[in-house]
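Visitor: I am new to this structure. Could you walk me through it and explain the reasons behind the words you use?

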Amino acid sequence: MTPAVFLDRDGTMIHDVGYLARLEDLRWYPYTIDAIRLLRRAGFLVFVVTNQGGVGLGYYPESLIHETHETMATTIDAGGAHVDGWYYCPHHPRAVTDALRIDCGCRKPKAGMVDQARQAFAIDLARSFVVGDKISDLQLARAIGARGAIVETGHGAGEVRRAAALPAGSVVRPDLMAAVTWMLAESGQMEDRL
């Protein structure tokens, strides 16, 4: 069993531009690839788990998600890092089509995307982490028995400010690299990375 890190995409790995409806609007945070490389070197599996309700709302086709993830994976791999799996939920409660307007099990904070990863990989959830810029990411962490970090990039700072309380055991970090530093320390890997 291997520990994993489940990363949100928009606002955590890349800038949140609202709904990423054009590939040319993809803008990386400068530390993302380095952060993923550090996680991989520490022995973590790395997965992207992202709600992509813009498909259900009709803002962009599902094919754009595949194209975006292929582009991101190519860039990450070229930087000497690797993402083990890319999972997304195209559903939305106000979707324009009945097929996507469902109470699915994959939309965060539900665990469906993590369940998909667990079908393909032997993951130790008790030693795993979830990182994102929304309270729903922290709720996902709690739902699967992992630890969670909310980053202040994307929607994170506003979500933390508005939250009455964060799920127990959650932390707030300025960005993904700071969250990775915390995860490495929590997992006892920090000394090996320095």
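**Cysteines first**

Guide: Let us begin with Cys106, which has a relative accessible area of 12% and is therefore buried. Please keep in mind that this is a predicted model.

Visitor: What makes Cys106 buried?

Guide: Buried means under 20% relative accessible area. Cys106 has 12%, so the word applies. Cys104, at 8% relative accessibility, counts as buried too.

Visitor: How do you know that the structure holds zero disulfides?

Guide: A disulfide needs two cysteine sulfur atoms within 2.5 Å. The sulfur of Cys106 has its closest cysteine sulfur in Cys89, 3.3 Å away, so the two are too far apart for a bond. For Cys104 the closest cysteine sulfur is again in Cys89, at 3.6 Å, which is also too far. The count of disulfides in the structure is zero.

**Charged pairs**

Visitor: Why is the pair of Arg40 and Asp84 called a salt bridge?

Guide: The term asks for a side-chain nitrogen of Lys or Arg within 4 Å of a carboxyl oxygen of Asp or Glu. In Arg40 and Asp84 the closest N and O atoms are 2.5 Å apart, so the pair meets the cut-off of 4 Å.

Visitor: Which parts of the chain does this pair link?

Guide: Distant ones: Arg40 belongs to helix α1 (residues 32-41), while Asp84 sits in the loop between α2 (62-78) and β3 (85-89), and 44 residues separate them.

Visitor: What makes Arg40 partly exposed?

Guide: Partly exposed covers the range between 20% and 50%. The relative accessible area of Arg40 is 32%, so Arg40 falls into that range.

Visitor: How do you know that Asp98 is exposed?

Guide: Exposed means over 50%, and Asp98 has 57% relative accessibility, so it counts as exposed. Asp98 forms a salt bridge with Arg101, with the closest N and O atoms 2.7 Å apart. Arg101 is partly exposed, with 38%.

Visitor: What makes Lys110 and Asp103 a salt bridge?

Guide: Their closest N and O atoms are 2.4 Å apart, and the limit is 4 Å, so the pair qualifies. Lys110 is partly exposed at 36%, whereas Asp103 counts as exposed at 69%. Elsewhere, Asp8, Lys108 and Asp137 are joined into one network by salt bridges that share partners. A search of the whole structure finds twelve salt bridges.

**The sheet and its helices**

Visitor: Why are β3 and β6 said to stand at the edges?

Guide: The six strands form an open sheet, in the order β3-β2-β1-β4-β5-β6, with parallel pairing. β3 and β6 (171-173) each have a single partner strand, so one side of each has no neighbour in the sheet. On average, neighbouring strands are turned by 25 degrees against each other, direction ignored.

Visitor: How do you know that β5 and β6 pair?

Guide: Pairing requires at least two bridges between the strands. β5 and β6 have three bridges, in the parallel sense, so the requirement is met. One bridge partner in β6 is Val172, which is matched with Ile150.

Visitor: Which helices touch these strands?

Guide: Among them is α1, which packs on the sheet, touching β1 and β2, and its direction makes about 135 degrees with that of β2. Helix α4 (residues 135-144) lies across β1, β2, β4 and β5, running at about 175 degrees to β5.

Visitor: What do the buried residues of α1 pack against?

Guide: They pack against β1, β2, α2 and α6. The buried residues of α1 are Thr32, Ile33, Ala35, Ile36, Arg37 and Leu39. After α1 comes Gly43, whose phi is positive, near 95 degrees.

**The nonpolar core**

Visitor: Which residues touch the most other members of the largest nonpolar core?

Guide: This core has 31 residues, and Val5, Leu7, Met13, Ile36, Val131 and Met183 touch the most other members. Its largest share, six residues, comes from α6. Another core, of 20 residues, lies apart from it and includes Ala4, Ala111, Ala117 and Ile144.

Visitor: What is Leu7 in contact with, leaving aside its neighbours within four places in sequence?

Guide: Leu7 is then in contact with Met13, Ile36, Val46, Phe47, Val48, Val49, Val131 and Leu176.

Terms used:
Residues are numbered from 1 along each chain as its sequence is written. This is a predicted model: local features need pLDDT of at least 70, side-chain atom pairs count only at pLDDT 80 or more; totals for chains, interfaces and linings use all residues. Side-chain values use heavy atoms; hydrogens and water are left out. Helices (H or I, at least four residues) and strands (E, at least two) are DSSP runs, numbered from the N terminus. Buried means under 20% relative accessible area, exposed over 50%, partly exposed in between (1.4 Å probe, protein chains only). A nonpolar core is a set of buried Ala, Val, Leu, Ile, Met, Phe, Trp, Tyr and Cys residues joined through side-chain atoms within 4.5 Å. Contact means heavy atoms within 4.5 Å. Axes are lines fitted to C-alpha atoms, for helices over the stretch in contact, and angles run from 0 to 180 degrees between N-to-C directions.
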